[in-house]
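The exercises below ask the reader to work from the whole chain down to single contacts. Each task is followed by a solution that goes step by step.

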Amino acid sequence: MLRAWALYLTNPAHPALRRLGYLRESVSLYYRSRRCRAAWHSHLDASRGVILGAVEQLPKRRTVIVLGSGLLDDIPLSALASGFSRVILVDAVHLWPVRIAVRRHPNVERVTLDIGGTSGMLLGSASTPDDTIGPLCAEEHVDLLISANLLSQLPILPLDWFEERGLPVPSDLARNLITSHLDVLTRTKARVCLITDTVEIELDRSGRETDRLDLMHGVGLPKPDKTWDWNLAPFGEAAPDRRIVHRVQAYSDWHEAVRG
């Protein structure tokens with residue numbers, strides 16, 4: 001607890017994003033990922049494998065953009081840094097461990113962005129979400145765009161923000177955030193690699209399903225290249241007699257998947 005508090009107090013973060021809870025959630029995720037390292041291993045390894053598979057298919061390797069770079073646990077940073085002229089890591093918060101890891105690679109940049117574009121709307125300076133990533137993804141010489149275990153996360157904090165304050169949630173907010181992100185990916189000329197969890201399943205110790213949640217909020221996705229289960233919260237993490245599994249879908253080439 002003391003280490004988490006120290007990281008929260010000392011880690012740089014944009015004031016608006018700190019106020020909205022992005023830093024708090026990043027710190028919480030960091031320590032949860034360490035507690036669940038063994039349970040998450042296969043998911044993280046599979047995610048890195050999909051990304052490396054997408055890289056192998058590229059005729060050019062100039063710039064790669066990683067949306068939702070997070071803790072870098074699911075990102076093969078060294079391989080990207082050695083394989084591309086430029087690596088751009090995009091997230092709302094870059095924790096100290098990430099900042100230190102990036103320093104080893106002079107061609108890796110950190111970009112701080114509210115990827116969902118909801119900060120202005122939540123803080124009252126805008127009525128709708130902003131397109132914060134569209135211009136970045138449209139830059140020249142981008143050969144690969146990676147959306148890494150991010151898509152399902154976009155609605156979580158905005159929905160919590162409204163609900164915690166007893167405010168009415170804008171109609172279809174979660175669905176619109178997901179579809180807007182997918183629209184950016186689809187418009188991007190570069191190859192797109194998408195990895196996202198789509199369904200949350202709660203299981204008891206007998207393996208019986210006790211709850212299920214659609215993380216895509218009704219948004220349909222094309223047939224994935226690969227699927228797997230992520231043991232997100234093993235027994236004892238979220239509840240003594242329940243574990244939470246997320247079903248993951250991965251697309252090495254999003255454009256090809258959309259074309260069917």
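**Exercise 1. Determine what share of the residues of the chain count as buried, and assess the radius of gyration against that of a compact globule.**

Solution. The model is a predicted one, and of the 260 residues of its chain, 50% count as buried. For a chain with 260 residues, a compact globule would have a radius of gyration near 18 Å, and because the chain has 18 Å, the two agree. Taken along the principal axes, the box that the C-alpha atoms fill comes to roughly 50 × 45 × 40 Å. The secondary structure within it consists of 11 helices and eight strands, and when contacts between residues at least 6 apart in sequence are considered, 66% of them join residues at least 24 apart.

**Exercise 2. Describe how helix H9 packs on helix H10, and classify the residues of the contact.**

Solution. Two packed helices are described by the angle between their axes and the distance between the axes. For H9 (residues 156–164) and H10 (residues 173–187), the angle is about 160 degrees and the axes lie 10 Å apart. Because angles over 145 degrees count as roughly antiparallel, H9 is roughly antiparallel to H10. The crossing of H9 and H10 is right-handed. On the side of H9 the contact involves Pro158, Leu159 and Phe162, which meet Leu173, Ala174 and Leu177 in H10; the residues of this contact divide into six nonpolar, no polar and no charged.

**Exercise 3. Carry out the analysis for helix H1 and helix H3.**

Solution. The axes of H1 (residues 2–10) and H3 (residues 22–35) cross at roughly 140 degrees and come within 10 Å, and the crossing is right-handed. H1 contributes Arg3, Ala4, Leu7 and Tyr8 to the contact, while H3 contributes Leu23, Arg24, Val27, Tyr30 and Tyr31. Sorted by class, the residues of the contact of H1 with H3 comprise seven nonpolar, no polar and two charged.

**Exercise 4. Is Trp96 buried, partly exposed or exposed, and which residues does Trp96 touch?**

Solution. Trp96 lies in helix H6, which spans residues 96–102. Its relative accessibility is 29%, and since the partly exposed class runs between 20% and 50%, Trp96 counts as partly exposed. Leaving aside residues up to four places away in sequence, Trp96 touches Leu7, Thr10, Asn11, Pro12 and Arg103. Leu7, one of these partners, is 89 residues from Trp96 along the chain, yet their C-alpha atoms are separated by 7.8 Å. Leu7 also belongs to the contact of H1 with H3.

Terms used
Residues numbered from 1 in each chain as written. Predicted model: local features only at pLDDT ≥ 70, side-chain atom pairs only at ≥ 80, totals over all residues. Heavy atoms only, no water. Axes fitted to C-alpha atoms, helices over the stretch in contact; angles between N-to-C directions. Helix = DSSP H or I, 4+ residues; strand = E, 2+ residues; numbered from the N terminus. Parallel < 35°, antiparallel > 145°, perpendicular 65-115°, else oblique. Left-handed = near helix turned anticlockwise from the far one by under 90°. Contact = heavy atoms within 4.5 Å. Nonpolar A, V, L, I, M, F, W, Y, C, P; charged D, E, K, R; others polar. Buried < 20%, exposed > 50% of the residue type's maximum accessible area, 1.4 Å probe, protein only. Rg over C-alpha atoms; globule rule 2.2 N^0.38 Å.
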